[in-house]
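Me: I am new to this structure, and I would like to understand the reasons behind the words used for it. Could you take me through them carefully?

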Amino acid sequence: MNNDPWGCPERAAAPDGWILATESGWGALVVWVAGPGNFVRVPIADHERHGNVVYRRADGSERSQSFLLTKADLQSIDDDIETYLAAAELPPRPRGYDWFIRRPSCIPVGEDEFWGAVWAAATAALSADDTVHPLTVKGPARAALARMYSG
């Protein structure tokens, strides 16, 4: 029996068609609720990682700018993810990995479609009095993914 709460296959590369989890608390929560067999981890390659800032102007135009993430930036991102997971009453995930989620067959190709569908299903289950908080979306997100994987 595996007692590792984040236990999953570790691969050298992502399986074809699997979705890279967003590097955020929400992305980590979705990996967790996807459940065993629906996520894998890949050690982060030793290469530069970049962030992207999008500037939206009042006229509707956008400008995108890429920047190099420092070790301090990456540490801060991991710390923020752990804080989000703790708010959802989940254990911290191991650091140093990219996480991939198996695409449900009902989701068309495209990471944006997957993330949009999970978010819409998780938040649709909330009542008007609920806040969008990690603990309140954990159950609805788990139920949404269970439906997606069963259908």
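Reply: The turns below take up the chain as a whole, then a pair of helices, then a pocket. This is a predicted model, in which local features need pLDDT of at least 70 and side-chain atom pairs count only at pLDDT 80 or more, while totals for chains, interfaces and linings use all residues. Residues are numbered from 1 along each chain as its sequence is written, and side-chain values use heavy atoms, with hydrogens and water left out.

Me: What makes the protein chain as compact as a globular protein of its length?

Reply: The chain has four helices and five strands, where helices (H or I, at least four residues) and strands (E, at least two) are DSSP runs numbered from the N terminus. Its radius of gyration, taken over C-alpha atoms, is 16 Å, close to the 15 Å that the globule rule gives for 151 residues, so the chain counts as that compact; the rule is 2.2 Å times the number of residues to the power 0.38.

Me: Why is H1 called roughly perpendicular to H3?

Reply: The axes of H1 (residues 25–34) and H3 (residues 111–124), which come within 12 Å, cross at roughly 80°. Axes are lines fitted to C-alpha atoms, for helices over the stretch in contact, and angles run from 0 to 180 degrees between N-to-C directions. Because 65 to 115 degrees counts as roughly perpendicular, H1 is given that name relative to H3.

Me: Which residues of H1 make the contact with H3?

Reply: Trp-26, Gly-27 and Val-30 of H1 make it, contact meaning heavy atoms within 4.5 Å.

Me: Which element gives the most to the lining of the largest pocket?

Reply: H2 does, with five residues, and lining residues have an atom within 4 Å of a point on a 1 Å grid.

Key. Parallel < 35°, antiparallel > 145°, perpendicular 65-115°, else oblique.
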